[in-house]
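The following walks through a predicted model. It begins with the contact between chains and then moves into the interior.

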Amino acid sequence: MINRIVVGAHYGLKDWIIQRATAVIMAVYSVLIAAVLLVVRPSTFEAWQGVFASGVIKFLTFLFFVSLFYHAWIGVRDIWMDYVKPTGLRLSLHVLTAAALVGYTAWAAAILWRL
Amino acid sequence: MSKRMVQFSIYRYDPDKDDAPYMQDISVEIEATDRKLLDALTKLKAKDDTISYRRSCREGVCGSDAMNINGKNGLACLTDIDSLKQPIVLRPLPGLPVIRDLIVDMTQFFKQYHSIKPYLINNDPPPERERLQSPEDREELNGLYECILCACCSTSCPSFWWNPDKFVGPAGLLAAYRFIADTRDQATNERLDNLEDPYRLFRCHTIMNCVDVCPKGLNPTKAIGKIKDMMVSRAV
């Protein structure tokens, strides 16, 4: 392949919007869960379980984790784009990062619905 | 104020002679009428004519004498000597290859500038006199067209240091918005397409070094935000 610098992948806007949207979701969730914990003040494991037994809290917590992982995907991918120049190595790191984050999402779901 | 001495620490590098760049301590006597850094540099050049820097208009219009002054990019001709802590540390603009002393190779910078097609694209036959705009539409171009391409902003931008070959940089993006915002231009969609890229536009992480250093007081970050807003309103 000839060594020419090519740009123009024609994406970026969607990621930029999602990064901002997920940040808002995480911020709102942090305030909400802090308020819930302040009101309920769970001191035992059973009380903690009780808080997360609620379907709404389960849904919101899962939404928080999905937001966190998508947000992390964009941030970590940007780091690979800045610091790792060889395309093959960068692609491998992208795949590994995406795989890890998908795994974490499933893991978060498993933990939440096991509670 | 009478004659006084100014202390400098200047980045020196002549690739024909020097193995590596070094900092040279040098002082020069200036007159009471010498107020700007460029005045002192002119005196310095008379004392040691091997010191190299670019200059032309000496009044902040040509953008030639951009350099890193005490750690911050700026124009020597617009910087008051009295506002600077001595010794005044002068280095070439960061992130661009040094040709000699304070002179940098701006090729990469102008390549990015040209990549956004910095000219009006309008395929209608030109009217007899001129293409008209309403005063409101013209107002939007204020703070955009004044850029003198001195490169102070782009060379203070970490995103540009990391990806100068792929990120357009604040100067180029300000110019891009200048034509996107121009109601006489007909290539808005193509211009937005050209920038919709994780590198070309979205490497901007709103660090705002560009706003901090612009000698003309312009705000590239705001222009970049407006480009993003237009992309959002086009997409949703």
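The contact between the two chains is made by 16 residues from chain B and 12 residues from chain A. On the side of chain B that touches chain A, the largest share comes from helix α8 (residues 220-235) of chain B, with four residues. By type, the residues of this side of chain B are eight nonpolar, one polar and seven charged.

Helix α8(B) deserves a look in its own right. At 1.5 Å a residue, its 16 residues should span 22 Å, and the end C-alpha atoms lie 23 Å apart, which agrees. Its buried residues are B:Pro220, B:Thr221, B:Ala223, B:Ile224, B:Ile227, B:Lys228 and B:Met231. These cover an arc of only 165 degrees around the axis, so they are on the same side of α8(B). An α-helix has 3.6 residues a turn, so residues three or four places apart point the same way. On the other side of α8(B), B:Asp229 and B:Ser233 are exposed.

What do the buried residues of α8(B) pack against? They pack against α1 (13-40) of chain A, and also against α5, α6 (188-195) and α7 of chain B.

The next topic is the interior. The largest nonpolar core has 56 residues. Those with the most contacts inside this core are B:Met67, B:Ala151, B:Leu173, B:Leu174, B:Ala176, B:Tyr177 and B:Ile227. The elements of chain B that each supply at least two residues of this core are β1 (4-12), α1 (37-47), β3 (66-69), α2 (107-115), α5 (169-180), α7 (209-213) and α8. Of these, α5(B) gives the most, with eight residues. In soluble globular proteins, nonpolar side chains tend to be buried together.

B:Leu174 is one of the core residues with the most contacts. Leaving aside neighbours within four places in sequence, B:Leu174 is in contact with B:Leu144, B:Cys147, B:Leu218, B:Pro220 and B:Ala223. Among these partners, B:Pro220 and B:Ala223 are also buried residues of α8(B).

Helix α5 of chain B also holds B:Arg178. Is B:Arg178 buried or exposed? With 21 other C-beta atoms within 10 Å, B:Arg178 is buried, because the cut-off for a buried residue is 20 or more. Not counting residues up to four places away in sequence, B:Arg178 touches B:Leu141, B:Leu144 and B:Tyr145. B:Leu144 is also in contact with B:Leu174. By contrast, B:Glu130 is 48 residues from B:Arg178 along the chain, and their C-alpha atoms are separated by 19 Å.

Notes:
Residues are numbered from 1 along each chain as its sequence is written. Chains are lettered from A and ligands numbered from 1 in the order in which they are written. This is a predicted model: local features need pLDDT of at least 70, side-chain atom pairs count only at pLDDT 80 or more; totals for chains, interfaces and linings use all residues. Two residues are in contact if their C-beta atoms, placed from the backbone, lie within 7 Å. Ala, Val, Leu, Ile, Met, Phe, Trp, Tyr, Cys and Pro count as nonpolar, Asp, Glu, Lys and Arg as charged, and the others, Gly among them, as polar. A nonpolar core is a set of buried Ala, Val, Leu, Ile, Met, Phe, Trp, Tyr and Cys residues joined through C-beta atoms within 7 Å. A residue is buried if 20 or more other C-beta atoms lie within 10 Å of its own, exposed if 12 or fewer, and partly exposed in between; C-beta atoms are placed from the backbone. The expected span of a helix is 1.5 Å times one less than its number of residues. The arc is that of the directions from the helix axis to the C-beta atoms.
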